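Biologist: I should like to learn how to read this model, one feature at a time. Where may we begin?

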Amino acid sequence: MRPANEALLVIDVQNDFCPGGALAVADGDAIVPGINAAMAEFATVILTQDWHPADHASFASQHPGLDPFATTEMPYGTQVLWPDHCVQGTDGAAFHPDLDTTRADLILRKGFNRTIDSYSAFFENDRTTPTGLEGYLRTRGLDSLTLVGLATDFCVNYSAVDAARLGFRATVRQDLCRAIDLDGSLAAARTAMADAGVTLA
Ligand code: VGL
Ligand code: ZN
């Protein structure tokens, strides 16, 4: 067991990001057994769950004339438009059935504000609206995070970069992540994480 200041942060291991899902990440389900095994090393396990209203502004369906994976300008910056995914209460938003959720101390939902997407577990995509995770970690004395999950280049990347910026020690287990890889986004994410001081393991 690792020291008590360390937590495992499992990002968005949900049906819609796995093969057959609405925003499937290639091989997204292949990491589930390894994540379950990693949980045994950590006294604290935290899961995040992408959790959007059906009319979420990040959905291409809300932007007539624009297709999934196009980008548009939002008040907070450029936003990729996604297929409808992880709609609150749907099977697609549920955790992968093989993910062991029993060890989770906290399940943090994000992306529930209709007008702002939230890739990061710490801040929404305006980079300022907090999710509350920082306070949760600090008040519990958790200052070192190991991140795993989906997708490497979006939610894992944004969460890891924010963690490092906030002063947490952040390590990404790349073997326990899978990427969407849109137009070189995986390479860009690796650079962003390394530049922020994230350890890529
Ligand atoms: C994610 C795109 C949209 C992710 C979530 O979990 O990486 N990506 N919503
Ligand atoms: Zn989403």
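**Cysteines, metal and fold**

Modeller: Let us begin with a pair of cysteines: the sulfur of Cys86 has its closest cysteine sulfur in Cys155, 8.7 Å away, which is too far for a bond. This is a predicted model, in which local features need pLDDT of at least 70 and side-chain atom pairs count only at pLDDT 80 or more, while totals for chains, interfaces and linings use all residues. Residues are numbered from 1 along each chain as its sequence is written, chains are lettered from A and ligands numbered from 1 in the order written, and side-chain values use heavy atoms, with hydrogens and water left out.

Biologist: How many disulfides does the whole structure hold?

Modeller: A disulfide is a covalent bond between the sulfur atoms of two cysteines. Here the search requires the two sulfurs within 2.5 Å, and it finds zero disulfides in the whole structure.

Biologist: Are Cys86 and Cys155 buried or exposed?

Modeller: Relative accessible area decides this: under 20% is buried, over 50% exposed and in between partly exposed, with a 1.4 Å probe and protein chains only. Cys86 is buried at 0%, and Cys155 is buried at 7%.

Biologist: Which residues coordinate the zinc ion (ligand 2)?

Modeller: Donors are N, O and S atoms within 2.8 Å of the metal (3.2 Å for Na, K and Ca), and a site may look incomplete because water is not among the atoms. The zinc ion (ligand 2) is coordinated by Asp50 (OD), His52 (NE2) and His85 (NE2), at 2.0 to 2.2 Å. Along the chain, these donors follow the spacing D-x1-H-x32-H. His52 is in the loop between β2 (44-50) and β3 (71-74), and His85 is in the loop between β4 (77-80) and β5 (104-110), so that the pair, 33 residues apart, links distant parts of the chain. Helices (H or I, at least four residues) and strands (E, at least two) are DSSP runs, numbered from the N terminus. His52 is buried at 0%, and His85 is buried at 3%.

Biologist: Why is the arrangement around this zinc ion irregular?

Modeller: Its four donor atoms subtend angles of 88 to 167 degrees, which makes the arrangement irregular. Four donors are tetrahedral if all angles lie between 85 and 135 degrees; four are square planar and six octahedral if opposite donors are over 155 degrees apart and all others between 65 and 115; anything else is irregular.

Biologist: In what order do the strands of the open sheet run?

Modeller: Two strands pair if DSSP finds at least two bridges between them. The open sheet has six strands in the order β5-β2-β1-β6-β7-β8, with parallel pairing. β5 and β8 (199-200) stand at the edges with a single partner strand each, so one side of each has no neighbour in the sheet. Six bridges join the parallel strands β1 and β6; one partnership is that of Leu8 with Thr146 in β6.

Biologist: What is unusual about the backbone at Asp12, Asp183 and Ala151?

Modeller: Most residues other than glycine have a negative phi, and most peptide bonds are trans. Asp12 has a positive phi, near 50 degrees, in the loop between β1 (6-11) and α1 (32-39), and is buried at 0%. Asp183 also has a phi near 50 degrees, but is exposed at 81%, in the loop between β7 (169-178) and α4 (185-196). A cis peptide bond joins Leu150 and Ala151, with omega about -10 degrees; Ala151 is in the loop between β6 (144-150) and α3 (152-165).
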